[in-house]
Amino acid sequence: MAAATTTTASSSRIGSRPTIPPGLHSDSFNPTSISFSSNIHGLSLKSSVSKKQLYSRRAGAVVITQTMDRVEVDISLSPRVNSVKPSKTVAITDQATALAQAGVPVIRLAAGEPDFDTPAPIAEAGINAIREGHTRYTPNAGTMELRSAICHKLKEENELSYTPDQILVSNGAKQSIVQAVLAVCSPGDEVLIPAPFWVSYPEMARMADATPVILPTSISEDFLLDPKLLESKLSEKSRLLILCSPSNPTGSVYPRKLLEEIAEIVARHPRLLVISDEIYKHIIYAPATYTSFASLPGMWDRTLTINGFSKAFAMTGWRLGYIAGPKHFVSACNKIQSQFTSGASSISQKAAVAALGLGYAGGEAVATMVKAFRERRDYLVKSFGEIDGVKISEPRGAFYLFIDLSSYYGVEVDGFGSINDSESLCRYLLDKAQVALVPGDAFGDDTCIRISYAASLSTLQAAVERIKKALVTLRSHVPV
Ligand SMILES: Cc1ncc(COP(=O)(O)O)c(C=O)c1O
């Protein structure tokens, strides 16, 4: 029952006709019929109410309680929300966390964040920023200090020349990407996304009323995009190609030669822009090497380079990312950001300056983390390589292993149900092995599952043992 309460200062006595509250029309103001147009508790109501009102006197004021007809709130949502899928990585992480909180010893290998603490000099810089009073709004695009430091880094490490007005700092690379998609896509445009993809890319395209066009790759080709497939899918509608190297979820790294072939194709399509998501750039395992797409001949003008601090510097909670690109596009993103969130955290920006000051590619602090990731990758590749029916493409970067376990599909497990896709297999592994992994389906490849190795080697060893056991049990079940 909706009830609206209007309190109005009045000298009227109990039993006398109260002052007509603002918003109520005097011609219709009687105890049984009120016609009004009002905004109560944030709900805009235009309604005719004919019900009893209750008047009472409270501390020198007349309180009018209108008991209205039930006014149903319109709970319909924008088609934009309905077109977007919720993130499965978040869903499975939440489920695993709930199990852990209930006392179930779940090993959580679903989340996409380093298990390391933010390196001490970065954290100190954040603390000092608060102590020194850097606690106010910064310019929308980010502090000049940070944008200049980013330009210096991009030059030193990526052979990329940008000026501070070609950089926009945001609350995480996720915001940088979605703003870029919103800034350049018009309804009906196509966004080309190689699969397996980071879960958010297709949804971001949909939010911009653009159409995601998925370009499948295969594990036997290390999940790298076939330039011929790209060429066959391009049309006047193609507005964006999103590349992610090193990749989440596969860990594959695009070799320079392949990027050059892709660049040649891109160059033939004037409408086509490229988002190059380089957020895992520092987490790369030699002999793999890194090439920034914008550094390739002719690509600077049409590439929007994305990077951030979450992954390499273990700063996921600091929420800081950036875009670098031609001023025209970066200014458009800046405009969107100015009406969404304004500038990123002043404290995080000070910490980010310290992160960039750690040395080439993050210096010792990042090298130590990369070394640990590499050991874990080697362990997992070897261990899963020994399990019957598992297909692997060795990751060259990031901290994920994307393995094909589809040979375990097609069985019925008593008391559990059938296992016929990546989602049911992940549910089974969470149930029976108590290991949380993410179904490949979330990344556009249902044959695989993603294992995040942002966990200690001993945790990974325990997880492998449990997964092995659960898979062996599966083999004993009758295929359906
Ligand atoms: C490929 C990729 N890009 C961008 C992001 C966004 O990172 P953040 O918003 O934390 O900077 C992530 C996070 O998982 C990612 O995996």
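A crossing of two helices is called left-handed if the near helix is turned anticlockwise from the far one by less than a right angle, and right-handed if clockwise. Helices (H or I, at least four residues) and strands (E, at least two) are DSSP runs, numbered from the N terminus. The model is predicted, so that local features need pLDDT of at least 70 and side-chain atom pairs count only at pLDDT 80 or more, while totals for chains, interfaces and linings use all residues. Residues are numbered from 1 along each chain as its sequence is written.

**Exercise 1. Describe how helix α3 packs against helix α10.**

Solution. Begin with the geometry, for which axes are lines fitted to C-alpha atoms, for helices over the stretch in contact, and angles run from 0 to 180 degrees between N-to-C directions. Helix α3 (residues 120-131) and helix α10 (residues 346-356) meet at an angle of about 140°, their axes lying 8 Å apart, and the crossing of α3 and α10 is right-handed.

Next, list the contacts, where two residues are in contact if their C-beta atoms, placed from the backbone, lie within 7 Å. On the α3 side the residues are P121, I122, A125, G126, A129 and I130, and they meet a set in α10 that includes I347, A351, V353 and A354.

Finally, sort them by class: Ala, Val, Leu, Ile, Met, Phe, Trp, Tyr, Cys and Pro count as nonpolar, Asp, Glu, Lys and Arg as charged, and the others, Gly among them, as polar. The contact of α3 with α10 then has 10 nonpolar, three polar and one charged residues.

**Exercise 2. Work out the strand order of the open sheet of seven strands, and place helix α5 on this sheet.**

Solution. Two strands pair if DSSP finds at least two bridges between them. By this rule the open sheet runs in the order β7-β13-β12-β11-β10-β8-β9, with mixed pairing. Its edge strands, β7 (167-170) and β9 (211-216), each pair on one side only, and neighbouring strands of this sheet are turned by 20° against each other on average, direction ignored.

Within the sheet, strand β11 (residues 273-277) and strand β12 (residues 303-308) pair in the parallel sense over four bridges, and D277 has I306 in β12 as its bridge partner. Helix α5 (residues 173-184) packs on the sheet and touches, among others, β7, β10 (238-244) and β13 (321-324), its direction making about 40° with that of β13.

**Exercise 3. Is A314 buried or exposed, and how does Y285 compare with the same cut-offs?**

Solution. A residue is buried if 20 or more other C-beta atoms lie within 10 Å of its own, exposed if 12 or fewer, and partly exposed in between, with C-beta atoms placed from the backbone. A314, in the loop between β12 and β13, is buried because 23 other C-beta atoms lie within 10 Å; A314 also has a positive phi of about 50° although it is not a glycine.

Y285, found in the loop between β11 and β12, is partly exposed because 19 other C-beta atoms lie within 10 Å. Leaving aside neighbours within four places in sequence, Y285 is in contact with R374, R377, R396 and G397; Y285 and R377 are 92 residues apart in sequence and 9.7 Å apart in space, C-alpha to C-alpha.

**Exercise 4. Which cis peptide bonds lead to P246 and P249?**

Solution. A cis peptide bond joins S245 and P246, with omega about -10°, and the bond from N248 to P249 is cis as well, with omega near 25°. P246 is found in the loop between β10 and α8 (256-267), and P249 has its place in the loop between β10 and α8.
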